[in-house]
Amino acid sequence: MASEELAQKLQRRLQLEESGAAVEGEAAAGPAGRGEEAAGDEAERSCLTASAGAELSAKLCRRQDINEGAAQPRRAAVFNPYTEFKEFSRRQIKDMERMFRLYDSGRDGYIDLMELKLMMEKLGAPQTHLGLKNMIKEVDEDFDGKLSFREFLLIFHKAAAGELEEDSGLLTLAKLSEIDVSIEGVKGAKNFFEAKVQALSSASKFEAEIKAEQDERKREEEERKHRRAAFRELKSAFTQ
């Protein structure tokens, strides 16, 4: 509505200028014209306030739903762990993924509180119910009360960066997981050149791991071909 009023005002101004009576038109408008402008500004401010209020209200409602356990989980954005967590090698990320899948007993792509409880018990560091909830809360970015694979990787990211407290259950998890993340990445390099050298070394290592995986797949394929050929020979020998 405010934009329509503004368009009408501009049209009226153009008409006045074309007729050569701009000054008289403004004088004639007087306080009434200024009143219309003030009303338009007030309407625009009310519109913006209503929009901001609606957004804040939506956030508060979602937070209340989360606290009451009634919030619907939001679909996580697709991410590439190898590009987002560059401080870890491919092998490390695959080890983390293997561990994540091991304890994701529901096969839903998440580790919930009960699955985390089982994980910590298997690792020999059982936690209280409150302790488990606090562990999830430390990395639960979407407030759904469970760990996605990305949030699971955040545990090791924070552990490697020294961002976890000594008494944190997540730090205990990272230490007991047998996945070494203490010397990876370029964190702690003394200067830019050392960081650059370490980054290049990490990139070379990444490429070497990809090549090793490809070679391993080729070897497995060759072995399957040899087994099939041997089986065919054996089968033809019996059928003759």
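## Packing of α5 and α8, and the nonpolar core

Helices α5 and α8 are oblique to each other in this predicted model. The angle between them is about 55 degrees, and it counts as oblique because roughly parallel means under 35 degrees and roughly perpendicular means 65 to 115. The axes of the two helices lie 10 Å apart, and α5 passes α8 in a left-handed crossing. On the α5 side, the residues that meet α8 are Leu-116, Met-119 and Met-120. Their counterparts in α8 are Gly-169, Thr-172 and Leu-173.

Leu-116, Met-119 and Leu-173 from this helix pair are also among the residues with the most contacts inside the largest nonpolar core. That core has 32 residues. Met-99, Phe-152 and Phe-156 likewise belong to the group with the most contacts inside it. The helices below each supply at least two residues of the core.

| Helix | Range in the chain |
|---|---|
| α4 | residues 90-103 |
| α5 | residues 113-122 |
| α6 | residues 129-139 |
| α7 | residues 149-160 |
| α8 | residues 169-176 |

The largest share of the core comes from α7, with seven residues.

The chain as a whole contains nine helices and two strands, in the order α-α-α-α-β-α-α-β-α-α-α from the N terminus. Of its 240 residues, 25% are buried. The exposed surface of the chain is about 17400 Å², and 55% of that surface is supplied by carbon and sulfur atoms. Among contacts between residues at least 6 apart in sequence, 55% join residues at least 24 apart.

Terms used
Residues numbered from 1 in each chain as written. Predicted model: local features only at pLDDT ≥ 70, side-chain atom pairs only at ≥ 80, totals over all residues. Heavy atoms only, no water. Core = buried A, V, L, I, M, F, W, Y, C linked by side-chain atoms within 4.5 Å. Buried < 20%, exposed > 50% of the residue type's maximum accessible area, 1.4 Å probe, protein only. Helix = DSSP H or I, 4+ residues; strand = E, 2+ residues; numbered from the N terminus. Contact = heavy atoms within 4.5 Å. Areas by Shrake-Rupley, 256 points an atom, 1.4 Å probe, with all protein chains shown as cover. Axes fitted to C-alpha atoms, helices over the stretch in contact; angles between N-to-C directions. Parallel < 35°, antiparallel > 145°, perpendicular 65-115°, else oblique. Left-handed = near helix turned anticlockwise from the far one by under 90°.
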